[in-house]
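Student: Could you take me through one part of this model closely, and then show me how its surroundings are put together? I would like a connected account rather than a list.

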Amino acid sequence: MKRPKIVVVGSINMDLITETPRVPTLGETVLGNRFSTLPGGKGANQAVACARLGAEVRMVGCVGDDGFGTELIENLRREGVCVDDVEPVPHVATGIASIVVENGDNSIIVVPGANHEVTVEKVRRAEQMIREADAVLLQLEIPLETVAETVRIASRHHVPVIVNPAPAVELQADILREITILTPNEYELAVLLGKHPEETEDFRSLIEAYPGTLVMTKGGDGAYYSDGEKRVAHQPGYKVEVVDTTGAGDTFNAALAVMIGRGRTLSEAVQYAVAASALSVTKFGAQGGMPSHEQVEAFLAQTGE
């Protein structure tokens with residue numbers, strides 16, 4: 001089986017996780033159940049997930065020159081991710097994400113810190129590495145001009161580039177045209193198309209309105225996708241016992257990138273990604289439940305697909 005080369009350009013954070021039976025209202029204090037610190041950041045999460053799924057992964061990103069930064073680089077290295085292009089930046093704090101988990105669902109506040117130092121120049125220095133990749137994976141927790149330049153470089157060298165548009169922003173039309181696969185959730189899709197998320201029509205019409213290849217994740221309902229030909233396909237989700245949904249989207253995007261890097265069809269890649277993300281929510285932590293390729297294949301075999 002081909003071991004694809006995946007370049008992940010994105011954020012590296014330390015996740016500060018508070019588990020609580022109930023999120024407090026404004027001005028209220030409640031007692032939580034547990035607090036922990038775990039490696040995170042959408043970029044780092046996706047890099048780790050790609051590595052566990054059998055890819056050869058290189059990470060482009062920045063951390064602070066501090067204890068969190070040292071720990072996060074070591075974690076990536078331990079997971080088999082090449083960190084030659086992960087740069088400790090002096091006098092800047094490592095990015096953090098404050099995550100509140102309530103009955104399996106999460107809300108997140110991100111403080112980017114050193115992730116703002118992932119510059120256009122840094123990506124340009126990685127152009128040869130991008131040129132040799134089977135797929136490039138991006139998110140939006142780094143400067144948008146860096147995302148845009150990475151997309152341009154990948155497109156120039158005909159390398160598939162997958163963009164997970166989170167957190168949600170409206171992207172420029174010229175950049176959207178050069179993205180191979182866009183992977184929003186329903187809320188992010190509405191924002192991307194300049195709609196008000198609370199006032200949008202049926203999400204299928206939003207998918208149909210997008211001119212390129214799009215895969216929309218929809219939690220336990222799986223994913224809906226279109227190759228720009230106005231036909232929306234659905235990959236149903238898989239029933240599992242949910243422990244923590246943190247990192248499910250990152251696992252999905254990583255699995256999709258790995259399968260695209262292996263040359264699989266979009267439908268095959270989406271089915272695999274839905275299965276991988278289902279497995280990821282059965283354990284605690286963004287990276288804690290990320291499965292191996294063998295685990296995903298075994299899971300799919302059990303479902304008969």
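Tutor: Asn164 lies in the loop that runs between strand E9 and helix H6 (173–178), and since the model is a predicted one, what follows describes computed geometry. With a relative accessible area of 4%, Asn164 falls under the 20% limit and therefore counts as buried. Once its neighbours within four places in sequence are set aside, Asn164 is in contact with Lys42, Gln46, Leu138, Gln139, Leu140, Thr183, Glu188, Asp250 and Asn253.

The same loop, between E9 and H6, also holds Pro167, and Pro167 is partly exposed, with a relative accessibility of 44%. Not counting residues up to four places away in sequence, Pro167 touches Leu140 and Glu141; Leu140 is also among the contacts of Asn164. Lys42, another contact of Asn164, is 125 residues from Pro167 along the chain, yet the C-alpha atoms of Pro167 and Lys42 are separated by 9.8 Å. The peptide bond joining Ala166 and Pro167 is cis, with omega at about 0 degrees. Most peptide bonds are trans, and most residues other than glycine have a negative phi.

Two histidines in other loops depart from the second of these tendencies. His158, in the loop between helix H5 (144–156) and E9, has a positive phi of about 60 degrees although it is not a glycine, and at a relative accessible area of 73% it is exposed. His91, in the loop between E5 and E6, has a phi near 65 degrees, again positive in a residue other than glycine, and with 85% relative accessibility it counts as exposed.

Returning to the strand that leads into the loop of Asn164, E9 (residues 161–163) pairs with E8 in the parallel sense over three bridges, and Val163 in E9 is the bridge partner of Leu138. Leu138 is itself one of the contacts of Asn164. In a regular strand the side chains alternate between the two faces of the sheet. Strand E8 (residues 135–138) is covered on both faces, with Ala135 and Leu137 buried on one side and Val136 and Leu138 buried on the other. E8 also pairs with strand E1 (residues 5–9), in the parallel sense and over four bridges, and here Ile6 stands opposite Ala135.

Thr183, another contact of Asn164, leads on to Leu256: leaving aside neighbours within four places in sequence, Leu256 is in contact with Ile162, Ile181, Thr183, Val215, Ala269, Val270 and Ala273. Leu256 and Val215 touch the most other members of the largest nonpolar core, which has 52 residues. Helix H10 (residues 266–280) supplies the largest share of this core, 10 residues. A second, separate core has 40 residues, including Val7, Cys62, Val159 and Val232.

Elsewhere in the model there is an open sheet of four strands, in the order E3-E2-E6-E7 and with mixed pairing. Strands E3 (34–40) and E7 (105–111) stand at its edges with a single partner strand each, so one side of each has no neighbour in the sheet. From one strand to the next, the twist averages 20 degrees. Strand E2 (residues 13–20) pairs with strand E6 (residues 95–102) in the parallel sense over eight bridges, and within this pairing Asp15 stands opposite Ala97. Helix H2 (residues 67–78) packs on the sheet, touching E2, E3 and E6, and its direction makes about 95 degrees with that of E2.

The 12 residues of H2 should span 16 Å at 1.5 Å a residue, and its end C-alpha atoms are 17 Å apart, which agrees. Gly69, Leu72, Ile73, Asn75 and Leu76 of H2 are buried, and because these residues cover an arc of only 160 degrees around the axis, they are on the same side of the helix. What covers them includes E2, E3, helix H1 (42–52), strand E4 (56–64) and strand E5 (82–89). The face of H2 turned away from this buried side carries the exposed residues Gly67, Thr70 and Arg78. Just after H2, Gly80 takes a positive phi of about 90 degrees.

Note on methods. Residues are numbered from 1 along each chain as its sequence is written. This is a predicted model: local features need pLDDT of at least 70, side-chain atom pairs count only at pLDDT 80 or more; totals for chains, interfaces and linings use all residues. Side-chain values use heavy atoms; hydrogens and water are left out. A nonpolar core is a set of buried Ala, Val, Leu, Ile, Met, Phe, Trp, Tyr and Cys residues joined through side-chain atoms within 4.5 Å. Buried means under 20% relative accessible area, exposed over 50%, partly exposed in between (1.4 Å probe, protein chains only). Helices (H or I, at least four residues) and strands (E, at least two) are DSSP runs, numbered from the N terminus. Contact means heavy atoms within 4.5 Å. Two strands pair if DSSP finds at least two bridges between them. Axes are lines fitted to C-alpha atoms, for helices over the stretch in contact, and angles run from 0 to 180 degrees between N-to-C directions. The expected span of a helix is 1.5 Å times one less than its number of residues. The arc is that of the directions from the helix axis to the C-beta atoms.
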